Structure formats: structure tokens, C-alpha cells
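Open the model in your viewer and keep the selection tool at hand. Each stop below tells you what to select and what is there.

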Amino acid sequence: MTTLQTEQHGAKAHSDGDWDNRAPVQTRSDRLKSANLADFPAITGREVNWKFTPVAEIVALTGGDLANSNSKLEVAKADGVEVTSVAMDSEFVGRAGLPEDQAAANAWGQVGTAQRILLTSQEHQTVTVKRSALTSEPAAAHTIIEAAPQSDTVVILENSGDANLTETVEIVVGDGATLKVVSIQEWNDDAIHVATHNATVGRDGNLQHIVVSLGGKIVRVNPSIHLDGQGANGEAYGAYFADSGQHLEHQVYIDHNAPHTRSRVAYKGALQGEGARAVWIGDVLIRRVATGTDSYEENRNLTLTEGTRADSIPNLEIETGDIEGAGHASTTGRFDEEHIFYLQSRGISEDEARKLVVRGFLIDVIQRIGNEQIEERLQAAIESELEQSVLA
């Protein structure tokens, strides 16, 4: 028996069709997650998570050979702080999420071991983790910061010196724990740093994540905070100051995955000099199970000179209408001339008035660190940036 196959006119698949399989993934939650670099396609620079990044300058990190740099971490000794080295196939690895891009997967596959910092003290304490002994050799690192249930700790990650680094920082916040993680980038001018910070927050846990990016040629720090326990709270704050030729990028993801969770995101940046570039992408997902969610995100950029560029993209995805509230805001602009005029009317010079506005703009984030010595140092670094400014 011969079967006749008919084809409706115009119904034939278009030669450039098959968009179900070919269209780029736009929704953050649907992105590929894998610890295997081979699972990721080659980067073209058109992908939603790479299109703002100078990918040609970080190819050594996204696909090249990497050295293990875990030994370069200097963790301050304190009661209730336990530091161990664990294999990458350990049960302690991957609890906060798998890599979502090639740089993270490349580091994951080559680093070999992870440094696990376990925090158990229920008395409030501050722990500093310093790294300043890297070189320009491409390197990988994997750090796990785990806050035991009911613990209360501030962890300050201080990065300085040379670097060509791709890393993952896993953050595990136990039930009822309070953890603040501060990541400070004061790299040398030619340093390259690509980092993924993955966090999971348990029931009634509180995580405050703060990023301050001042130094480095290319700095890309992407925090992902998963509010996985009922009543979990996640806050992500950032401050950055991009100079001529400097690329500072932050892609923030807040995943509301349990009822009655709360999140706040606020990043502020200043840019000055030809070719200064800042990129901020904020993704918030409120899942169907996340009833009673309260969420808000904002990004504000202050451009101080001509020739700068700030890309700011807030995204909000809501799968349930039963929420307390959700919103986002984004602004990029020059000085408010009324502020400048007011300060000048009080006898302050125009240059000094502009500097005061910048200090006040960024200080809101800096003061959240809660460490007077570090806050003063960062304010001094911003002062130094402003002194080199061509404000007029």
C-alpha cells in the first residue's frame, strides 16, 4: 500500500526555523546548569549573559588551563571558625548551585579541591579572608562559606594585587543563621577577576551580600541568592567606581523559592573617564510556591564625565499573584545641578561640591559593611579616585 503524504502550502518548516531549540534562553531559571565545561556551547558574545562582557579578554578563564589558587587564601583564626580542604566530589560541594556559565564550569572542573569555612559561633563575630598573592597566571578557586544554624558572622573577602582568576564562592546559610558576606575588589590595574557567588538561605535565615568593586581591569562578580527556606531574607548591595578603560560587571539573581521570603537589591555606581564601563543585570524570580514574597531591586549610576557607558537591566519574573509586593528601578544620569547649586550657595567650590555628591551617593552602601577600619579605607580609595577626576 502506498501512502500519499501531502504538505499544506506554507506549512513547511522555514529554513531558519526550529526556534524552540535555537532561540537563546532568556529566563534566568531556565539556563543550563552543569559542572562539566563540555556541556556548554562555545561563547559567541551574543548570549544574554555574555553580550556585555569583553569575552575576548577572558578566554583563558572560560576555556583554558587553570592553576589551583585555593592555597592563596588567608583566613583569620577565631573561635567558631573551622577551615578545611575538601575534594570537589565531596557532599559539601554544590549545595548552593551548579555553574551557569563557562568560566564557573572551567574553574569547577580544574580546581580539584575547595576551601570550606565553617562558621558555628552564635556570638556575633567578624572573620577576614584575604587574598593578595596571586599572579597573572590563569587560576581557579572554590570557596565554601557555611553558616551553621543560629550562627551570627560577618565574613569579609579582601582581594588585592595581581590576578587572572575565575572562581566560585558557595554560601550556605543554615536555618535561623545570620550571615553577612562582603566581597571587596581592590585589584591592581591589569587584574582580571570573574566570580560566581552562589548562595542558599534556609528557613528564617538572613543573608546580606555586599560587593565593592574599585580595582581591576575586568571585574565580573555575579551573586545568585536562592531563598529556599520559609521566611528567608536575602539582601544584595553593591558599590563600584569605574575609571577609564575599566569594566565592572555585576549580574544579580534573587530566587524566591519558598513562602514569605523577602529580598532587597541596591547597587550604586559612579563612572568617569573615556571607556569606563559598568554593567548591572538584576534578575528576580518569584516562584509559584513563594506566596507572601516581598521583593524590590534597584540600580543607580552616576556618570561623571563624557565617554562612559552604564548598562542597567532589571528583570522581574512572577509566577504567583499572592505576594506582598515586588518592584524594580533603574536610573543613569549626570549630577543633580540643584544639589551642586545648593552646596555652592553655602560657600563650597563647584569641584568640591561635585565630590561631596559622589561620596554621599556611594556611602550608603559602604556604611553597610559595619567595619569602621575597612569603611574608612574604602572611602579613602574613593577619595583618591575623585582626586584624579577631571570634574569641572
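The tour goes from the whole protein to a helix, some strands, the cores and two loops.

**Before selecting**

This is a predicted model, in which local features need pLDDT of at least 70 and side-chain atom pairs count only at pLDDT 80 or more, while totals for chains, interfaces and linings use all residues. Residues are numbered from 1 along each chain as its sequence is written, and side-chain values use heavy atoms, with hydrogens and water left out.

**The whole protein**

Colour the protein by secondary structure: there are 6 helices and 19 strands. Helices (H or I, at least four residues) and strands (E, at least two) are DSSP runs, numbered from the N terminus. Of the 392 residues, 53% are buried. Buried means under 20% relative accessible area, exposed means over 50%, and partly exposed is in between (1.4 Å probe, protein chains only). Contact means heavy atoms within 4.5 Å. Among the contacts with a separation of 6 or more, 87% join residues 24 or more positions apart.

**Helix α3**

Select residues 102-110, which form helix α3. How many of its 9 residues are buried? The count is 7, so the helix is mostly covered. The buried ones include Ala103, Asn106 and Trp108. Now show α2 (59-63), β6, β8 (164-173) and β10, which are among the elements that cover them. At the start of α3, look for a side-chain oxygen of Asp101, which comes within 3.2 Å of the backbone nitrogen of Ala103. Just after the helix, Gly112 has a positive phi of about 85 degrees.

**Strand β16 and its partners**

Next select residues 277-286, strand β16, where 10 of 10 residues are buried. Both faces are covered: Arg277, Val279, Ile281, Asp283 and Leu285 lie on one side, and Ala278, Trp280, Gly282, Val284 and Ile286 on the other. Add strand β14 (residues 247-256), which pairs with β16 in the parallel sense over 10 bridges. Two strands pair if DSSP finds at least two bridges between them. Tyr253 has Asp283 of β16 as its bridge partner. Then add strand β18 (residues 309-318), which also pairs with β16 in the parallel sense over 10 bridges. Here Ile281 is matched with Ile313.

**The nonpolar cores**

A nonpolar core is a set of buried Ala, Val, Leu, Ile, Met, Phe, Trp, Tyr and Cys residues joined through side-chain atoms within 4.5 Å. Select Leu119, Ile145, Ile171, Leu179, Leu207, Ile225 and Tyr267: of the 48 residues in the largest core, these touch the most other members. A second, separate core of 24 residues includes Ile156, Ile210, Leu214 and Ile374.

Thr153 is in strand β7. Is Thr153 buried or exposed? Thr153 is buried, as its relative accessible area is 1%. Leaving aside neighbours within four places in sequence, Thr153 is in contact with residues including Leu119, Val127 and Leu179.

**Two loop residues**

Most residues other than glycine have a negative phi. Select Gln150, in the loop between β6 (139-147) and β7 (152-161). The phi of Gln150 is positive, near 70 degrees, and this residue counts as partly exposed because its relative accessibility is 45%. Finish at Asp204, in the loop between β10 (192-201) and β11 (206-213). Asp204 has a positive phi of about 55 degrees and is partly exposed, at 44% relative accessible area.

Methods. Polar contact = N/O pair within 3.5 Å; in protein donor to acceptor, adjacent residues only side chain to side chain.
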